[in-house]
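Trainee: I would be grateful for a close look at a single part of this protein. Please describe one strand and its surroundings.

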Amino acid sequence: MIIKKLDMDSHSNFDTETLDELLAKAPLTALPQNFKPMKPTLVDTSFDDPGWLFENKWDGYRAIAVINKHNTRLLSRNDISFAKYYPIIDVLNTWPCNAVIDGEIVVMGKNGTTDFGALQNWENEKDSTLVYQVFDMLWYEGRNLMGLPLNQRQAILKHVIPPGNHIIRRSIPIATKGKDLFANAEKHGYEGIVAKQADSIYAPDKRSKAWLKIKVQRRQEVVIGGFTKNKSTIKPFSALLLGVYENGKLRFVGKVGTGFSIDQQAKMLQNFSSYITDTNPFDIENKAQTSPLTKKVPGETFTWLKPELICEVNFAEITKDGLFRQASFKGMRIDKNAVDVTLETPQNTKEAVVEEEQKTGSPLSSHPKPVATFIPRGNDSATLTFNGSKIQFTHLNKIYWLPEAVTKRDMLNYYIAVAEYMLPHLRDRPMSLNRFPDGVSGPHFYQKDVTGKAPDWATTFAHDTAKGEHHNYIVGNDISSLLWMAGQGCIEINPWLSRVSSPGSPDHCVIDLDPDEQNTFDQVIEAALMVKRIVDSLGVPSFPKTSGSTGIHIYIPLGSGYTYEQSQMLAKLIVSAVNSQLPGFTTLERMTSARHGKMYLDFLQNRPEATIAGVYSLRPKPGATVSMPLHWDEVKPGLKMSDFTIFNAIDRLKETGDLFKGVLNNGIDLLQTINKAQNLFDDQQVIKPSSF
C-alpha cells in the first residue's frame, strides 16, 4: 500500500450505526433519471482541518454509475455513455442492490499510481488494471442520500460496497491531515488530493467550495484548435495548438509537443481528419497571445481543426502573455463539451475554507434539519417520543403497497417528513379515520369515534352528529396525533372543513371534480381550468390540488362566520356554470347510475362532518400517490396523478414550499361573492358569455 503512517478510514462517527439507521435519515424518492456530479473548486495549497476529509485525486474520468435491477449505466459528467469500460459495468451488474454511486474510472499500475493516458487504450495495458474508484453514494434502494452529510453517505457506502473486488474499489478518505496526504501524493506521483467538508451535502452540477482540489502539478483541460508539422520531422505531427474559452471566444494558450508516442499521434491524426477546416478557430485580437500562430518556423505548416476535441495537459506556469510554459500532453478527454473548457485559476485556500466554514444555514455546510426522529429500519416495532408523547408503532415491516414495496414504516416516515407542511392544514380540525390495517390490498373500515381508543395525551372533540350519534373525534393538533392516526393504519388523512371552535362554519369552499371511468384526466384538467376561469371572473382566489386518486380538488378560502349551506350555494353556482360550458362530459347528478359516464361536479362535499382527503395526504392507490397542491400553470394537459408519490413529494416540497398556504389566509366575503355569481347567470343558471 502506498499510503503509510496515515490513519485511513477512521474519520467516521457513524460506523456504530447500522445501515438501516443511516438510511432512515434519508427521504424516500424514486430513482432520479439524471445525475450531474458535484464539482470541486481548485485552490493553491493543502491544509489541515478537523472538519474536513481528504482523499487522493484520481487521474481518470469522473463517472456516475446508475445500478437498477442488475442493469448498470456508466455515465460521464456530461451524460456520455462509458459503455466501453464494460468490465466495470459487468461487476456492478452483480451488485444485489439498486444504487447510484459517484467515482473515477482509472487505469492503475502495479505500484498503485494511475495513468490518465492509458485510459484511451486500457485493453492493451498488460501491466495495469481498469479500476472504478468509488467515493460517494447518492441514492440507495429508494432513498435519496444527497441531503445527508458526506460522512454519513460514506458510512453507507462502506456498508454497501462489496469487499475484495479489484475492479470496484472504495476511495478511502482520511480526516484532518491534508498536508500529509498531499506530501504522499507528491512522493508517489498522484495528481493531487481532494478536500471535502465532512458535513457537506451533495450539490449536483454545482462547483462548490465545500469540495476543494489541490493539484501537485498545474493541469488544465484544453480545446485542440489545430496542429503543426515541421518539415524535417518523422512524427505524424509536431505539436497541438491549444485554447480555452473566454467570453465566448477561443483564446490561444500555447502548444504541446511532448507526452505522446508516435503510435498515439498516428491514431490521433486519424481521428483529426474529420475535423480539419480552413478556418482559424482562435480569437486573433490579442496579438501577444497569437503571435506564435503568425510567426512560423521555416518549413512549419499549420492545420486548423474545428474546436470540438479536448485533451488534458500539465504545465509549469502561465506566462505574462497567458501562454502555457513547458506543456506536456496527458491524454484525450471525451467527457466534456468544448465550450465548457475555461481556464481554471487556483483560489486562495485559506479564504475558500474560511468562507465555507463561516456560512450559516448554508445547505452545503449544515446537516438537514429533520422534523422529528425518523423510525429506523429493522425491528418490527418501536416506541418513540414526539412532542413529549410516547407512541408505540407495530407491524413496521408490513408491506402497505405491494408492487412498490412500501412498508408501514415508510408511510410513517413520510408523515414525519411532511408534517411541517401538513400540520397547519390539520390543526384544530376533527378527523375521520379510514383504516387499512393490512395495507392497500386489504380490507378497510371507517372510524369516527375514538372513545377508549385514542391515547390519553390526544386532544379529542365531542360532537353529536346529525344522526344523533355522540362521537369523540381525534383532533389533528400536532405531529403526535398525525402519527398516531397513521400508526392505526390511516393511509389517508381526512380533516373536516371546519374547526372545533366553529364546527358549523367551514374555512373553505371545496369543488371536487370526480371523473367517471370513461373520462380522461385531460378532461378533468379542462374542467379545472373552467372552474378557474369562472372563479377568476368572480374576483376570488382558488387553490388546486390533485386528489391523489382520480380527480382534482379546488379550494376557495372563506371568511369567518359563514355556514355550510352558504358555502354549498357558492359551490353549486360555480359547478353549474362549469356544466353549462362543458355539458358533453360533466354532470351534476349525484347518483352514479344517472351520470351516464360523465364527470361528477361535486358541490355536496360542503356539508357538516364531511371530509375530503387532506392536502399532502397519501392515498391508498397504486403507486402510493399523494394529494399534491399545484401552481395553476401546472394544471395543463399531460399532468398525471402519478407525478406525485411518496417517492418524490418531499423533494418537491423542498423546492416549492407549501403552495396551499394561501388557503389559510383571510377568506372571501362569501355573501358578496354569491350575489356576484348570481348576477352572472340567467334563470337556467347558464353563465353569461360576457362575464369572462
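Mentor: The following account concerns one strand, its partners and the helices beside them. This is a predicted model, in which local features need pLDDT of at least 70 and side-chain atom pairs count only at pLDDT 80 or more, while totals for chains, interfaces and linings use all residues. Residues are numbered from 1 along each chain as its sequence is written, and side-chain values use heavy atoms, with hydrogens and water left out.

The strand is β33, residues 599-602; strands (E, at least two residues) and helices (H or I, at least four) are DSSP runs, numbered from the N terminus. Both of its faces are covered: Met599 and Leu601 on one side, and Tyr600 and Asp602 on the other, are all buried (under 20% relative accessible area, 1.4 Å probe, protein chains only).

Two strands pair if DSSP finds at least two bridges between them. Strand β29 (residues 508-514) pairs with β33 in the antiparallel sense over 3 bridges, and Asp514 has Tyr600 as its bridge partner. Strand β32 (residues 586-587) runs parallel to β33, joined by 2 bridges; here Thr586 is matched with Met599.

These strands belong to an open sheet of 5 strands with mixed pairing, in the order β30-β31-β29-β33-β32. Its edge strands, β30 (543-546) and β32, each pair on one side only. Further along, 6 bridges join β29 to the antiparallel strand β31 (residues 552-557), where Asp512 stands opposite His553.

Helix α11 (residues 564-581) packs on the sheet, touching β29, β31, β32 and β33 (contact means heavy atoms within 4.5 Å).

Note on methods
Buried < 20%, exposed > 50% of the residue type's maximum accessible area, 1.4 Å probe, protein only. Axes fitted to C-alpha atoms, helices over the stretch in contact; angles between N-to-C directions.
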